[in-house]
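Reader: I want the reasoning behind the labels, not just the labels. Can we go through them one at a time?

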Amino acid sequence: MTMTLYGRWQTRLLLLWTAGLLVTLVYGLIYRNVGTPLTLLLYVTLFGFAWDALYHYLQGFRWEGDWPPLFQFVGGLAEGLLVWALAGSLPGVSPALTLGQFAAHYLTVLLVILALMLGPVKVVFPRWRYRGGQWF
Amino acid sequence: MHIKRAARSVGGALALAAALIGQPAAAQRGGAKLECSFDQPYLCVGRYVEVVDFNGRGLIGRVYGITVAGEGFNLDGHFIRGSARDQITILEQRTGEAVTLDLASLAALRDMGATPPPPAAQDASLDLLLLISAALLLVLVAVLLRQERTREARAQPAARDEEALRPVNWPTDSGVHSVSQADALAFLDREPPLPAVFSEAHVPAAALCETTLPIDDVTYLAIGGGMGSFAWADCLRVSGVAAAQIMVIGTTAHPYDVYRRLCHASQVSDDDRLRSDSGATPDNLWGWPGYALREAWRELQRGKAGAALALLWRVFAETALAEPYTPRAGDVFRAIDREAWRINWYAMRRAGLVQCLRKTDDGRYAAVYACYDGEVWSRRVALARYVHIATGCAGPRLLPELLDYRARTGDLVHAVHAYEDHDHVYARLAERGGTVLLRGRGITAATVLEKLAAARAHNPNVCVLHLMRTPLPDGVRVGRAARPVLHHWTLQPYNWPKSSFGGTWQARLERASTAERRCLLSALSGVTTPPRRAFAHLVTRGLREGWYQVYMGTLAHLDSENGMLLAGVRDLQGEPAALFAVDYLIDATGLDTEVSSSALLNDLVRHYALALNASGRLDVTGDFELTPMRNDGGRVFAAGAITAGGFYAPVDSFFGLQFAAQRSADALARLGAPDVRRLDGWRSFSQWLRWARGEQP
């Protein structure tokens, strides 16, 4: 993947709030609490904008200017750990949320989005790969 | 073991081999005579070979013009899989002769999993994977796709019906012939001069009808029959244009013919891997599934889950923790064959060579071209409102020292270019040994070095002297990043940094001013070779053992004496420094993409005073349009190597050709060109489904 910073932000925003939202709603129904998963999705999005800026800076050290899917995955894990570490003090997150519940929801969202970025997104948006992940 | 055969084709013979592989016990009994008949489940095109002979005696012959669709074999009859290629020879024989299959060949075939499955079965399994992979979106798409089809049917009933009636069975390219550019030029030389109207800036359309030249009236015209035209035609077809509206004029039969010939000459056979990304898929406008996923799926079908996972790991971790995945040449060519069939490429293509292109006074363009119909040459005019030029390279770039030497001696044996056929060099080196002077340090030079090392495995008296113009102790640095270097070889997975295909470098280059772009391109360009562990090990070992040596200098002159080449070399200060006696010179110095090397482009630039960019190539806009060629509503686009040096660096790549095609198709859609609809969203997805199912766009 060879994202620009704007491409990262746009991709994150659109995928989290389409495919990510669907997954989140499903987990909300399973957990009988839609609010907490949705709030977590919002935090992941907001923190993600900062994470993306960091990734973009680090990407500048790579001659190829690319960001392998492996990095994307590992970065996603780090993002999840941060959100879980802060979850107890973030407003809107139920104190009853367990690590298992959070991990199941978060990993599903992460993997679905990564899988979409590696393939199907290009099918629906054929210019996405030519523009560093930017839609607009 | 000799087997009298009733197989009527290579496909039959291979099926016979496959049948025997499935019956090793019967094969080992030996002496059996099997009478079999086959109904040719596989494609055979080109020069028809009736019988093939497999044996284990080493490589004897090479080119056979046969093809078997499916796994294991490619258009030349070479095996495309496994390292056992050189252990198996395919010989051309006549009908009625015996097929000889020894046990070693059978074992090699079996090990390679070379049983060629019918194409239909392979496609079906691929489709299954694709459809499963897209399950998340399929539910939503089903209803919308039906609506889309209904709308399409309403919009273009005539065109769709006409295309639906066209035969879609293999082979689709039977009767398609390539022509020699030299023959076309010789024909044009024999023809009388063009009518005077062609010397005007705008040719009157009425005057064209008064000439004796037959006229072909189309909407879209692609000049050049290679990969650039293929990418453009593919994009137009997927965007809604019917095949009957598109004409492609080119000399080659298949879109990849020139590319493939250059690959073969530079020692990249069909079972070798290209220097190309998994997602650079000329047969697939969307880039997904990439070649890595397809290859992994095939490995999985063979029960090789480990190999499949290894391939997927490479695309997951490249370029940081794994060597970049690169597709096998044969896989790419087969995929292009499939897409060429799907978009009706062979109905669009005309065998010929364009002599000149002129604007007409009714907003169109007239291309005068030499046309070969399989029997006779004729000169015709193609009239079109939208033209695309992708004529590619003119041939190997022969440097002055080599040209001078050849002009003086006529020697084409000892001093060769890597993009010319030079197999004799490796054969003689393996037999007698010798010293080779190598120039260039790109991927082709690396491949040549590997081939020389392979010859050295047969004969330890092979030595390589690598002449480099400048030392490269460190890689170039731009911003926070630096390009790695190993023993003066610059390492980079592809011709350009990966993000210049569509990422940070590409965005920066597109935003940059002309002067800044020139600086950036200068920094990012350069001759590079992919970072591969095997190659790094080879160079390090060669330097350590002494059979591979690097000398910094430039070749000043070349002479011949007593069957040896005498290469006079200047040092870095330009002073005469050394005289090397070597057996061969191999120049791996690239291809000639100069505008001046093309008669058509030369004429175009002169006639319409076209501007060239800083690299001396055609100056195009962000839509790859040649703006000085605008003619009322008519537009001319260009792509490929002839536009190098512009805002998009990797124009001369599979990915770059698709990028250019997409940009020009978008421009045409904005312009309201007939039947070109912007490809996006559900329409894009529905077209992708058609691709996955192998249906016409």
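Author: A search of this predicted model finds 36 salt bridges over all chains.

Reader: What makes R127(A) and D666(B) a salt bridge?

Author: The distance and the atom types. The closest N and O atoms are 2.6 Å apart. The cut-off is 4 Å, between a side-chain nitrogen of Lys or Arg and a carboxyl oxygen of Asp or Glu. The pair of R127(A) and D666(B) is an Arg with an Asp at 2.6 Å, so the label applies.

Reader: Where do the two partners sit?

Author: On two chains. R127(A) lies in the segment after α6 (120–124) of chain A, and D666(B) lies in helix α22 (residues 654–671) of chain B. Across the interface of chain A and chain B, the rule finds two salt bridges.

Reader: How many residues does each chain bring to that contact?

Author: Chain A gives 34 residues and chain B gives 48 residues. The area buried between them is about 3,300 Å². Carbon and sulfur atoms give 62% of that area.

Reader: Which three residues supply the most of what chain A buries against chain B?

Author: W63(A), R127(A) and Y130(A). Together they supply 28% of that area, more than any other three residues. R127(A) also takes part in the salt bridge with D666(B).

Reader: Now the helices of chain A. Why are α1(A) and α5(A) called oblique?

Author: Look at the angle. Helix α1 (residues 5–16) of chain A and helix α5 (residues 99–118) of chain A cross at roughly 120°, and their axes come within 11 Å. Roughly perpendicular ends at 115 degrees, and roughly antiparallel needs over 145. The value of roughly 120° falls between these limits, so the pair is oblique. The crossing is right-handed.

Reader: Which residues make the contact of α1(A) with α5(A)?

Author: T11(A), L15(A) and L16(A) come from α1(A), while V109(A), I113(A), L116(A) and M117(A) come from α5(A). They divide into six nonpolar, one polar and no charged.

Reader: Why is the pair of α3(A) and α5(A) also oblique?

Author: Helix α3 (residues 35–59) of chain A packs on α5(A) at about 50°, with the axes 11 Å apart. Roughly parallel means under 35 degrees, and roughly perpendicular starts at 65. About 50° lies between those limits, so oblique is the label. This crossing is right-handed.

Reader: What makes up the contact of α3(A) with α5(A)?

Author: P37(A), L40(A), L41(A) and V44(A) of α3(A) meet F102(A), H105(A), Y106(A) and V109(A) of α5(A). The count is seven nonpolar, one polar and no charged.

Key. Residues numbered from 1 in each chain as written. Chains lettered and ligands numbered in written order. Predicted model: local features only at pLDDT ≥ 70, side-chain atom pairs only at ≥ 80, totals over all residues. Heavy atoms only, no water. Axes fitted to C-alpha atoms, helices over the stretch in contact; angles between N-to-C directions. Helix = DSSP H or I, 4+ residues; strand = E, 2+ residues; numbered from the N terminus. Left-handed = near helix turned anticlockwise from the far one by under 90°. Contact = heavy atoms within 4.5 Å. Nonpolar A, V, L, I, M, F, W, Y, C, P; charged D, E, K, R; others polar. Buried area = accessible area lost by both parts, 1.4 Å probe.
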